[in-house]
Amino acid sequence: TPFVGARLAYLVMVRQFDEPSLPSQHYAVFTPGLMAGVRWRLAERVELTGRARLHYLLYNVDERRSLGYWELGALIAYRL
């Protein structure tokens, strides 16, 4: 069974320095994205899912460094 959809992720980034005079840095942002995949039923209760996600990260701290990123994933599920 193929599927497509929209996705919204919330990313939190934290950076700490060894130098005590430098404060820790925090950044949090929502990233919109698209996803698509395929689900195969291997047995009555077992499914294999493969998916791809494409996201856009808005990063505008100090200067604009926004970027797109992607991920691939696989999942084996057992239905109770």
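Me: In which sense do strand β2 and strand β3 pair, and over how many bridges?

Reply: Two strands are said to pair if DSSP finds at least two bridges between them. Strands are DSSP runs of E with at least two residues, numbered from the N terminus. Here, β2 (residues 25-41) and β3 (residues 46-57) pair in the antiparallel sense over nine bridges. The model is predicted: local features need pLDDT of at least 70, side-chain atom pairs count only at pLDDT 80 or more, and totals for chains, interfaces and linings use all residues. Residues are numbered from 1 along each chain as its sequence is written, and side-chain values use heavy atoms, with hydrogens and water left out.

Me: What joins β2 to β3, and which residue of β3 is the bridge partner of Arg39?

Reply: The link between β2 and β3 is a hairpin of four residues. Arg39 has Thr49 as its bridge partner in β3, while Arg41 is matched with Glu47 of β3.

Me: With which strand does β3 pair over 12 bridges, and what is the order of the strands in the sheet?

Reply: β3 pairs with strand β4 (residues 67-78), again in the antiparallel sense, and Val46 stands opposite Tyr78 in β4. The sheet is open and has four strands in the order β1-β2-β3-β4, with antiparallel pairing. β1 (2-15) and β4 stand at the edges with a single partner strand each, so one side of each has no neighbour in the sheet. On average, neighbouring strands of this sheet are turned by 25 degrees against each other, direction ignored; the axes are lines fitted to C-alpha atoms, and angles run from 0 to 180 degrees between N-to-C directions.

Me: Is Thr49 buried or exposed, and which residues does Thr49 touch?

Reply: Buried means under 20% relative accessible area, exposed over 50%, and partly exposed in between (1.4 Å probe, protein chains only). Thr49, in strand β3, is buried because its relative accessible area is 8%. Not counting residues up to four places away in sequence, Thr49 touches Phe3, Val38, Arg39, Gly73, Ala74 and Leu75, where contact means heavy atoms within 4.5 Å.

Me: Which elements give two or more residues to the lining of the largest pocket?

Reply: A pocket is an open set of points on a 1 Å grid over the protein atoms alone, where a 1.4 Å probe fits, with protein on both sides within 12 Å along at least five of seven lines; lining residues have an atom within 4 Å of a point. Among the residues that line the largest pocket are Met13, Tyr27, Tyr59 and Arg65. The elements that give two or more residues to this lining are β1 and β2.
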